[in-house]
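Here is a brisk tour of one protein chain. Keep the sequence and the structure in view while reading.

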Amino acid sequence: MNFNLNENKEVIALLGAGSMGTAIVKRIGANKTILIGDISEKNLEEREKELRYGGYIVETQKVDALDKKSVEEFAKKAASLGRVKYFIDTAGASPSQASPEHIINLDLIATAEAIDIFAKYICEGGSGLIISSQAGYMMNFTPDVEKELSLMQTDKLKDLEFLQKEALVNSGTAYMTAKRANHLRVRTAAATSWGDKKARINSISPGIIVTPLAYDEFNSPGTTYQDMIDASPSKRVGTSEEIARVAEFLLSDDSSFITGIDLLIDGGVIAAINSGKYGLKRE
């Protein structure tokens with residue numbers, strides 16, 4: 001049965017078949033073609049079934065976000081389906097899931113590469129969204145380091161001395177570094193490659209949102225997550241649906257004058273840290 005007879009549907013490319021990305025495409029995916037890329041075929045099958053049963057038009061492709069060629073093929077597939085109106089990147093690993101090297105490679109370098117790649121395929125008037133993290137606000141960098149993270153040619157990022165030493169002390173430090181770099185790379189892309197295409201790109205930094213990834217952190221040693229919840233003004237965790245509502249706005253034409261920014265959605269955790277109410281524990 002053909003559920004949608006309309007032609008020339010715009011395309012949403014979602015890299016990372018997690019619950020947050022799925023919630024976002026549910027809000028913006030009506031009468032569009034959704035292309036989901038993920039390294040896990042099981043995740044792709046589950047998300048495709050979930051979305052198809054909800055009436056969405058869905059395609060999937062196995063993608064290794066760490067492989068630049070694989071991401072390029074994903075972008076080409078998206079463009080073959082129609083005008084790529086939206087690109088959403090949720091691919092990443094949490095500190096409890098991966099080594100510092102893996103986090104730098106996936107959350108920082110691979111994300112920067114995906115931003116560059118989709119700048120070539122996004123349509124005029126299109127919009128991109130990188131899912132970063134509140135962790136990007138938890139570490140202070142010198143102006144020189146921020147400049148390097150912002151402007152260094154992507155294929156040379158991995159050679160930065162800073163990323164060979166300080167950022168690899170532990171997975172938490174690597175994660176904070178990667179997420180701050182996400183903000184900086186989005187800002188630069190908005191003014192250069194994406195801006196040149198008359199497209200916009202922003203990032204969102206969620207706080208503690210209940211997802212399977214978050215449960216890995218909940219179940220890891222220590223009480224950091226609970227301490228942040230206790231110290232936050234909101235006194236609770238967030239949901240993927242709350243992130244999706246904000247993502248819908250930033251991707252839509254209602255925010256057509258907004259580009260190159262990061263929007264922190266953390267229930268006030270960073271406010272608690274900055275005010276001194278909560279002291280971030282560093283190992």
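## Helices α1 and α2

Helices α1 and α2 are roughly parallel to each other, a label given to angles under 35 degrees, while those over 145 count as roughly antiparallel, 65 to 115 as roughly perpendicular and the rest as oblique. Their axes cross at roughly 25° and come within 12 Å. Axes here are lines fitted to C-alpha atoms, for helices over the stretch in contact, and angles run from 0 to 180 degrees between N-to-C directions. Helix α1 spans residues 19–28, and helix α2 spans residues 41–52. Helices (H or I, at least four residues) and strands (E, at least two) are DSSP runs, numbered from the N terminus. The crossing of α1 and α2 is right-handed: the near helix is turned clockwise from the far one by less than a right angle, whereas an anticlockwise turn would be left-handed.

Which residues of α1 meet α2? They are Ser19, Thr22, Val25 and Lys26, and their partners in α2 are Arg47, Glu50 and Leu51. Contact means heavy atoms within 4.5 Å. By class, this contact holds 2 nonpolar, 2 polar and 3 charged residues. Nonpolar covers Ala, Val, Leu, Ile, Met, Phe, Trp, Tyr, Cys and Pro; charged covers Asp, Glu, Lys and Arg; the others, Gly among them, count as polar.

## About the model

This is a predicted model, in which local features need pLDDT of at least 70 and side-chain atom pairs count only at pLDDT 80 or more, while totals for chains, interfaces and linings use all residues. Residues are numbered from 1 along each chain as its sequence is written, and side-chain values use heavy atoms, with hydrogens and water left out.

## Helices α5 and α7

Helix α5 (residues 143–151) packs against helix α7 (residues 171–191) at an angle of about 60°. The axes are 8 Å apart. The two helices are therefore oblique to each other. Their crossing is right-handed.

From α5, the contact takes in Glu146, Glu148, Leu149, Ser150 and Leu151. From α7 come Arg180, Ala181, Leu184, Arg185 and Thr188. These residues divide into 4 nonpolar, 2 polar and 4 charged.

## Aromatic pairs

How many aromatic pairs are there? The count comes to 3. Rings of Phe, Tyr and Trp (its six-membered ring) pair if their centres lie within 6.5 Å; planes under 30 degrees apart count as stacked, over 60 as edge-to-face and the rest as tilted. Phe74 and Phe118 have ring centres 5.9 Å apart and planes at 65°, so they are edge-to-face. This pair links distant parts of the chain, 44 residues apart: Phe74 sits in helix α3 (residues 68–81) and Phe118 in helix α4 (residues 100–119). Both Phe74 and Phe118 are buried, meaning under 20% relative accessible area, with exposed over 50% and partly exposed in between (1.4 Å probe, protein chains only). Phe74, Phe87 and Phe118 form one aromatic cluster.

Phe141 and Phe162 also pair edge-to-face, because their planes are at 80°, with ring centres 5.7 Å apart. Phe141 lies in the loop between β5 (122–131) and α5, and Phe162 in helix α6 (residues 161–164), so the pair ties together parts that are 21 residues apart in sequence. Phe141 is buried, at 14% relative accessible area. Phe162 is buried too, with 14%.

## Buried places

Helix α10 (residues 224–231) has Met228, Ile229 and Ala231 buried. The buried residues of α10 pack against α12 (269–275).

Thr33 is in strand β2 (residues 33–38). Its relative accessibility is 8%, so Thr33 counts as buried. Beyond neighbours within four places in sequence, Thr33 contacts Lys9, Glu10, Val11, Ile12, Ile57, Glu59 and Leu81. Ile109 belongs to helix α4. At 9%, Ile109 is buried. Leaving aside neighbours within four places in sequence, Ile109 touches Ile104, Thr154, Leu157 and Lys158.

## A partly exposed loop residue

Where is Glu166 found? Glu166 is in the loop between α6 and α7. With a relative accessible area of 44%, Glu166 is partly exposed. Outside its neighbours within four places in sequence, Glu166 is in contact with Glu161 and Thr173. Glu166 and Cys123 are 43 residues apart in sequence and 38 Å apart in space, C-alpha to C-alpha.
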